[in-house]
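Reader: I'm new to this one. Could you walk me through it?

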There are 2 protein chains.
Amino acid sequence: MESLSKIIEILRNQKEVSGEEMASELGISRTSVWKNINRLKGKGFNIISSRRGYRMIEEADLLLPYRLRGLINTKIIGRHIEYFAHCDSSNNIAKKLAREGLKEGTLIICEEQEAGRGRLERKWISPRGGLWFSVILKPSMTPVEAPGLGFLTSLSVVKTLRRRYGLEASLKWPNDVLINGKKVCGVLVEVEAEMDILHFAVVGVGLDANLSIKDFPEEVQDIATTLKEELGREVDRAKLLADILSEMERNYNSFTLYGLESIFQEYIDLCSTIQKEVRVVQHGREIKGKAVEIDKEGALIVLTSEGRVRITYGDCFHLTNT
Amino acid sequence: MESLSKIIEILRNQKEVSGEEMASELGISRTSVWKNINRLKGKGFNIISSRRGYRMIEEADLLLPYRLRGLINTKIIGRHIEYFAHCDSSNNIAKKLAREGLKEGTLIICEEQEAGRGRLERKWISPRGGLWFSVILKPSMTPVEAPGLGFLTSLSVVKTLRRRYGLEASLKWPNDVLINGKKVCGVLVEVEAEMDILHFAVVGVGLDANLSIKDFPEEVQDIATTLKEELGREVDRAKLLADILSEMERNYNSFTLYGLESIFQEYIDLCSTIQKEVRVVQHGREIKGKAVEIDKEGALIVLTSEGRVRITYGDCFHLTNT
């Protein structure tokens, strides 16, 4: 592993380096240099090999662990990082690694997901440029409490977007993040559990960062947005991710120590669903009415023509934007 | 597969058959006979090979799929069977198979579990003679509703034991089955889910059928019992299993169609926890008092010195037997 970071350092300091120079500087064979270069490519480093030697490009635009490590100041979330240039879905990888025993806080980053998933097995478009990551969490709680993990994560994204970019980001119950009424980020919580305790949870975040609206299929171009579209420029995804993880860790600590109550008021304050006319779609059932409240367990209270309905899950659509 | 069932038939009808006789009767080679015999052994058939030929013993005492198929009259639960002579834990296998896409109702049977698990990763002693099985279920519901699967399963065991053997079996909240205050059966529900929907649930049942109390470690001999101890004889495990699965399917259909309510009154009627002094142990917390009620969501209501406490999970101990 030491050779890898030395090679990165050399490539960052020189425009182009021959295999021979590299080998002599590191005191290893040219074959070893070549093998290490290939390992770096596998980790997503964009290294170009030519007859004259090796050259690295676009490094600043990748979420490379060595760079993130310099930015992340958490104690749990993101202290261990698994990086993938391509993957099927970061949540799938996270679940697999969690089953294998990887520890709480492990961060899985995918530059590009080939089968990114939203809730209910929906496809989540995940080309290069977005922020697609999952975190393994192992809180000592029952599955009934697990929705709180989604609340705290979406809350962390909203707070970070507001503070970092001054964007008017808000929450759509339960876990979507909106800017100007359009979705910019989704959160997918998955759990493996017995009734008394979670074995683990995996919290996946899909944040449309440096994408263009044209990256989306036409049918969602009116209801989705991206940070790049809203800001008119690209963002530094690594710094953004580091900020989200810090915020997430603070909220996670509050939640596990003091319960949902401890982050609830902030969630409510930033939730734009309350006082809106909504339609909530559950498995084969639809509820329409005015969202009047979110209760202490995180359920949405909707005033319908037939009275108050307490909703604990489902897809919520805002029917009014005011 | 046809050869396999023909070989079983031949072995059931004759005390001892030579490889040559078998081969000519089936119109296959002696090598094929030998290979098929080995496959049957792998499936748990107790076939003895000697110079004089093949002999099958103790067949009636194994939970072999071909025999179960003749007894099970369900439409979903147990229509597909995976049989293991040995395994680590039937729930582990069930989860693995469910992830691979095996369908709802798949029944996993293990004659002997090497790492049988109770709730909270506790060891569950599972030698040959017990009834250790798991069922894969894929109901369209949220993880919050999943505890109902444990209620309906333990209820099914209690009802079957009462009807089949006239035993005074009862439920200890949430999912234990007792006879004369001693535990005879445990149920372990595990789920993989997102917040909106279960991907699947695995319901594991461990029923101490044809075991002796001496099969248990000394420290639990006073609080556990077995069917063999209570009845003074061994039971036909295959018939017992078929009955439990029938009962389970009826209750499962009610539960998924009409909700917990539809099986709730029966659960309450057979639950011996109500009106008992209890101690409930949760992660690092203990609640003592009188169990006065179980509410519509399945939570236990305990009257403590500090008032009514609503308990949704934990280990419950009966402090009185009356």
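Author: Sure, starting with a term: a nonpolar core is a set of buried Ala, Val, Leu, Ile, Met, Phe, Trp, Tyr and Cys residues joined through side-chain atoms within 4.5 Å, where buried means under 20% relative accessible area, exposed over 50% and partly exposed in between (1.4 Å probe, protein chains only). This is a predicted model, where local features need pLDDT of at least 70, side-chain atom pairs count only at pLDDT 80 or more, and totals for chains, interfaces and linings use all residues. Residues are numbered from 1 along each chain as its sequence is written, chains are lettered from A and ligands numbered from 1 in the order in which they are written, and side-chain values use heavy atoms, leaving out hydrogens and water.

Reader: How many residues does the largest nonpolar core have?

Author: Those with the most contacts inside this core include L207(A) and L227(A). L207(A) touches W132(A) and L161(A), among others (contact means heavy atoms within 4.5 Å). The count for the largest core is 175 residues.

Reader: Is S89(B) buried or exposed?

Author: S89(B) sits in the loop between β3 (81-84) and α5 (90-99) of chain B; helices (H or I, at least four residues) and strands (E, at least two) are DSSP runs, numbered from the N terminus. Its relative accessibility is 2%, so S89(B) counts as buried.

Reader: In β13(B), what is the bridge partner of V302(B)?

Author: Strand β12 (residues 300-304) of chain B runs antiparallel to β13(B), joined by five bridges; two strands pair if DSSP finds at least two bridges between them. The partner of V302(B) there is V309(B).

Key
Lists of a residue's contacts leave out its neighbours within four places in sequence.
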